[in-house]
Amino acid sequence: MSRRWIAWTAGLALVGSAAAQPEAPGLPSAELSPAVVRALEAPYLTEDERREARIRHGAWEAGDLDTPARTARAALQRGAFDHPSFTDRSVDPRDRAEAAIGRGELRRALELLGAEGDVRSLRLRAQVLAGLGRMEEADRTLDGLVAALQARVVSAPELAEGVAGLMLRERLAGTRRRVEGEEEQREGVRADFETMVQLLARARDELDRIGWESRVVEAELLYEKHNRAQAIEAAIEVLGLNTGCARAWALLGRASVDSFDFSRAVLVAERLDELAGSVEGGAGGASMLGDLVRARERIRQRDPDGAAAVLDGLLSRFPRHREAVALRAAASAVAFEDDALAEWLSRFDELSPGAPGALFEVGAALSEARQYTEAADFLKRASDRLPAWPEPLIELGLLEMQSGRDLAARDALVRATRLDPFNARAENSLKLIVELLAYSTVESPHFVVRFRPGIDEMLAREMLPTLETIHSRVSGVAGIDHEPAQKTVIELMPDHRWFSVRITGMPGVHTMAASTGPVIAMESPREGPGHEIGEYDWARVIQHEYTHTVTLSRTHNRIPHWFTEAAAVYMEHAPRSWDWCQLLAQAYHTGTLFDLDEISLRFVRPIKPMDRTQAYAQGHWMYEFIVETFGERAPLDLMDRYAAGQGQEEALVGVLGVGKDAFMDQFRVWAREDLRRWGMLSPEGMPTIHELRREFFSRPDAPGDIDDQTLSSWLEAYPAHPDVLEMAAKRALGKAEASLSDETVALLERYSSARPVDPLPRRALVKHYLAMGRSEAAIPHLRWFDEREQTSPAYAAELAVRLSTLGRAAEGLDRAERATRCAPFDASLRELAARTALLAGDRVAARRHLSALTVIEPDREVHQRRLEALDRLGG
């Protein structure tokens, strides 16, 4: 048994892992393995045998395809289902039938198959009958396939056909298992699965070690069980045995779409086109399999118009292709074209009465578009049509989890795991929902916080007042001006492992918290084993995520990815970091700002390491531009246009009066002036630092570096030039001794004013002022750092101490509260907050922090004594 099957229970793995596929945007190597090359060169083969072997492994030479039968076999391997060779009566009827299935001509395939009883014919006949909606007939046909497998199988390709039939039989199992109990059903599924594994192992390890047919079925089985990484590994192994196997390439394309690797998906689609066009006599152009990959890629990118264009072209060539019709219905659904959706669903039902394919594709697409109510309806209907197929139930369970309906999620996932106990995605999801159902909850008017019983209860209860403040900011007139119809659930996950499980499969999640709309999951902010994120300002993070909840509610989940992220960052009400300022300035200078078609994609599939960060930063920047240029209501008006189903171009023209290209042109002009305000561009009329340096080094007598005299002359000529001030400040700091001179301090203050986003001068000034005992002078710079800090309580704690010492205890308490929000389980910060609260005369706050200490350090009796002493004071 191969290591893939030994590792079966390892759980979900990321599709894009290094072991699974190479760096984007390349494709797997398509070279025959040395074992295949040796077999093709074996001296004992006759020339005719060698020709047959080359065709089987996709390595034919000129002249090998010398008969219609051989040409048809080659065309079938490469996905050229409309090749003229399939009209020739001398071609194996099974090859002609399989090509007809590929074109969607199922009734023609049924005619070609006749009443043959071999394994392949039975598998193809069952596939046709299922495609026609004749499920019970298909299931009875597969009973014959099982009998044929038990009688006598002599080749690996036959066993591969048999397993492909058993996979279909598993999906149809409800037609014969409706009367079975839960355990009987589970045992039946287990027995079927073990049979499939054993057959594939025999085909691969005993009958034909270089046969690709069993390996491609193995890849398809792994993919169906949501073991995607190993499915990709198996598909790549297939390509070493048959470089032109279209089934393996199509699986890789589907997996690329699953993992948002759209660049690779496009390359795979193009490879499929090349393969289909490589058989002499074929039509060339776009291939059927390539178009299916392209359509899925565009649906997942929320480009329904692009998907529709691809599918309409495909259906003009293959009008009865069921998968294409199902995807066309999905494209209409995510475009919110209800009439077209109904029409395509009706067309699918005419082709395949009672089949679930179109309902499932529509439900899955709507679920990803966060149209939870509508998606659930379609997925339930799909499951009703084929009760033994777990896929609709898995999607339904995940959907119900994301929408906060836990009991419905559990019911769906229990049914899914009963149908398929080997499905990694269903099993992991069920474990999570069982975990969540054991959690406790606390509530406020607009929130429900759920938590694992234990120390997190302290934080959960503390969160409620802050959450209500966040609600007022985000939902109020000064925010998104909208209130969700239901309470938002905050799931406080106890560690990173459970948080990771919670967000598995949610696109675009790369942080310590994530919003699905009605539910926000967050990792408990503390240090220690199992906590990879550590401490962070949970209130700022939740304010960001709750903005997603509100914008998704206001727009009915119809909002471009970049725009909802931009609104969320904007509503954090925090200054941008120095790193973001540098990144945006670099993108502006190099002409690499994303356009409106690219920016949403870079969130989920970055090409360069900083693409995702740039997408966040640039989206926020563009949102600021909209507010400053078109008014505070403009973003809200855009949201309402998106809610009505308008695309970006139509919405922008309707609200801002400009299309996407004009928007970017105006944004770049505004951005240039904003960069000047940050000190990241030279002021108007001043030379750039590069021009100054170029002029200096062009002198014949120029020394190796800018000398002090030249720098002083630049400062005199351009006293507010940020780059000149930066150079002077760094030089002065390099020469400084234990303390800074008055001249250096003045220079640092000047640079800080000229480039207010750079931490360099402030860091030196804070250190200097604190060393000199000048807390008042240090406080503005400490505040600057604290406002930008998201993970450390250090600046807030320092401010709390300094402000309290200066007699400004109320301000100090505000900073102490922020420190405990970043690190709620830090006992020293709780003690600081309690002391500061007493100095400020706020006994309620002092009591809250002392109570927290009794939970954080239950073995220290001093906390309880202090709490009791405070209670005796009254008030």
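This is a short walk through one predicted model, from the whole chain down to a few single residues.

Hi everyone, thanks for coming. Please keep in mind throughout that we are looking at a prediction. Let me start with the overall picture. The chain has 875 residues, and 57% of them count as buried. Along the principal axes, its C-alpha atoms fill a box of roughly 95 × 80 × 55 Å. In secondary structure, the chain holds 45 helices and five strands.

I'd like to spend most of my time on the strands, beginning with strand 2. Strand 2 covers residues 447–451, and five of its five residues are buried. Which residues sit on each side of strand 2? On one side we have Phe447, Val449 and Phe451, and on the other Val448 and Arg450, so both faces are covered. That split follows a general pattern: in a regular strand, side chains alternate between the two faces of the sheet. Do notice Arg450 there, a buried arginine on the side shared with Val448.

Now, who are the partners of strand 2? On one hand there is strand 1, residues 440–443, which pairs with strand 2 in the antiparallel sense over four bridges. The connection between strand 1 and strand 2 is a hairpin of three residues. If you want a landmark for this pairing, look at Ser440, which stands opposite Phe451.

On the other hand there is strand 3, residues 488–493, which runs parallel to strand 2 and is joined to it by five bridges. Two landmarks help here: Val448 stands opposite Val489, and Phe451 stands opposite Leu492. So Phe451 is a handy residue to click on, with Ser440 of strand 1 opposite it in one pairing and Leu492 of strand 3 in the other.

How is the crossover from strand 2 to strand 3 handed? Together with helix 25, these two strands make a left-handed β-α-β unit. I'd suggest turning the view until you can follow that path yourselves.

Let's stay with strand 3 for a moment. Strand 3 is largely enclosed by the rest of the structure, because six of its six residues are buried. One face carries Thr488, Ile490 and Leu492, while the other carries Val489, Glu491 and Met493. Strand 3 also pairs with strand 5, residues 519–523, in the parallel sense over five bridges. In that pairing, Ile490 stands opposite Ile520.

Helix 25 brings me to the next topic, a pocket. The second largest pocket has a volume of about 710 Å³. Of its 27 lining residues, the closest to the centre are Arg473, Asp537, Ala539, Arg818 and Arg821. Which elements give two or more residues to this lining? They are helix 25 (456–475), helix 27 (538–554), helix 40 (775–788) and helix 42 (809–822). And what is the make-up of the lining? It divides into 15 charged, five polar and seven nonpolar residues.

Just past helix 27, we come to a backbone feature. His556 is found in the loop between helix 27 and helix 28 (561–570). It has a positive phi of about 55° although it is not a glycine. Phe336 does something along those lines, with a positive phi of about 60°. Phe336 sits in the loop between helix 18 (322–334) and helix 19 (338–351). Why point these out? Because most residues other than glycine have a negative phi. As for accessibility, His556 is partly exposed, with a relative accessible area of 47%. Phe336 is also partly exposed, at 21%, and the cut-off for buried is under 20%.

A quick look at a helix next. Helix 13 runs over residues 228–239, and its 12 residues should span 16 Å at 1.5 Å a residue; the end C-alpha atoms are 17 Å apart, which agrees. Of those 12 residues, 10 are buried. Among the buried ones are Arg228, Gln230 and Glu233, along with Ile232, Val238 and Leu239.

My last stop is Gly306, in helix 17 (residues 304–317). Is Gly306 buried or exposed? It is buried, because its relative accessible area is 10%. For a sense of scale, the C-alpha atoms of Gly306 and Ser792 are 486 residues apart along the chain and separated by 45 Å.

That's my tour. Thanks for listening, and I'm happy to go back to any view.

Methods
Residues are numbered from 1 along each chain as its sequence is written. This is a predicted model: local features need pLDDT of at least 70, side-chain atom pairs count only at pLDDT 80 or more; totals for chains, interfaces and linings use all residues. Side-chain values use heavy atoms; hydrogens and water are left out. On a 1 Å grid over the protein atoms alone, a cavity is a set of points where a 1.4 Å probe fits but cannot get out, and a pocket is an open set with protein on both sides within 12 Å along at least five of seven lines; lining residues have an atom within 4 Å of a point. Grid points are joined across faces, edges and corners, and a volume is the space filled by probe spheres set on the points. Ala, Val, Leu, Ile, Met, Phe, Trp, Tyr, Cys and Pro count as nonpolar, Asp, Glu, Lys and Arg as charged, and the others, Gly among them, as polar. Buried means under 20% relative accessible area, exposed over 50%, partly exposed in between (1.4 Å probe, protein chains only). Two strands pair if DSSP finds at least two bridges between them. A crossover is right-handed if, with the strands pointing away from the viewer, the path from the first strand over the helix to the second runs clockwise. The expected span of a helix is 1.5 Å times one less than its number of residues.
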